[in-house]
Amino acid sequence: MSIKILVPTATNLANFKKDPISALSSAKEGALAILQNNIPIMYAVTPSLLNKLFSINNLFQEQKKNIAKKNVINNTYLKNIPMGKFTMYKEWKPDLDFLKQAAIWGITLHSPISHSELALFISYWQAEGKFFHHVQWQQKLARSVQQSRILNVIYKKRDINNLPKPDKKTPEGFRGQ
């Protein structure tokens, strides 16, 4: 399948108001940009182009479903995601492409989410009892992990079990025993 860049035919708003049907029928590739002061204010498409767009969308949705079925064994992961808003629950997991989605949201995570990071997030939000959509939970997780990782770099955690071992040397300027 080849993808072709669609360049809409342009017309001004006054011409479109006078005769929208002929203006739309003159559109070369089925798309018409309506301009006011040389700035696009809306677009119109012919029914045939709209049908093509819907068929392409349906094809991509089918491919997306097939990929999800291949990536997830028995499709159990997709069945376990509640529809609509829900409170956080113990078995919740982010999507398989979570790091990619986080990058799209502007949050760069250089390594996958650890079990402890996910457990901390889930236990906190379970207690809160807030309702959010699955994508919103993922965005919260991405921001939470990003912030905690930044803080871990700024304030390096010290090992409380590490005891300093003083040397037996007398510092310069002090008298010996």
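Start with E117: leaving aside residues up to four places away in sequence, E117 touches P112, V145 and R149. Bear in mind that this is a predicted model. E117 sits in helix α6, and its relative accessibility is 18%. Buried means under 20%, so E117 counts as buried.

One of those neighbours deserves a second look. E117 and R149 make a salt bridge, with the closest N and O atoms 2.9 Å apart. Because E117 belongs to helix α6 (residues 115-128) and R149 to helix α7 (residues 134-154), the pair ties together parts that are 32 residues apart in sequence. R149 is buried, just like E117. How many salt bridges does a search of the whole structure find? The count is 1.

The E117 side chain has another partner too: E117 reaches the backbone nitrogen of S114 at 2.9 Å.

Now over to F16, which is found in helix α1, spanning residues 13-18. Is F16 buried or exposed? With a relative accessibility of 15%, F16 counts as buried, since the cut-off for buried is under 20%. Its contacts, again not counting residues up to four places away in sequence, are T11, A23, L32, I34 and M42. For a feel of the distances, take F16 and A33: they are 17 residues apart in sequence, and their C-alpha atoms lie 9.8 Å apart in space.

Here are the two residues in table form:

| Residue | Helix | Relative accessibility | Contacts beyond four places in sequence |
|---|---|---|---|
| E117 | α6 | 18% | P112, V145, R149 |
| F16 | α1 (residues 13-18) | 15% | T11, A23, L32, I34, M42 |

Stepping back to the whole chain, the secondary structure comes to 7 helices and 5 strands. What pattern do they follow along the sequence? Reading along, you get β-α-α-β-β-α-α-β-α-α-β-α.

Of the 177 residues in the protein chain, 25% are buried, and both E117 and R149 are buried residues. As for the surface, the chain exposes about 14400 Å², and carbon and sulfur atoms supply 57% of that area.

Finally, a word on contacts across the sequence. Take the contacts in the protein chain between residues at least 6 apart in sequence: 54% of them join residues at least 24 apart. The E117 and R149 pair, to come back to it, links helix α6 with helix α7 across 32 residues of sequence.

Conventions: Residues numbered from 1 in each chain as written. Predicted model: local features only at pLDDT ≥ 70, side-chain atom pairs only at ≥ 80, totals over all residues. Heavy atoms only, no water. Helix = DSSP H or I, 4+ residues; strand = E, 2+ residues; numbered from the N terminus. Buried < 20%, exposed > 50% of the residue type's maximum accessible area, 1.4 Å probe, protein only. Contact = heavy atoms within 4.5 Å. Areas by Shrake-Rupley, 256 points an atom, 1.4 Å probe, with all protein chains shown as cover. Salt bridge = Lys/Arg side-chain N within 4 Å of Asp/Glu carboxyl O. Polar contact = N/O pair within 3.5 Å; in protein donor to acceptor, adjacent residues only side chain to side chain.
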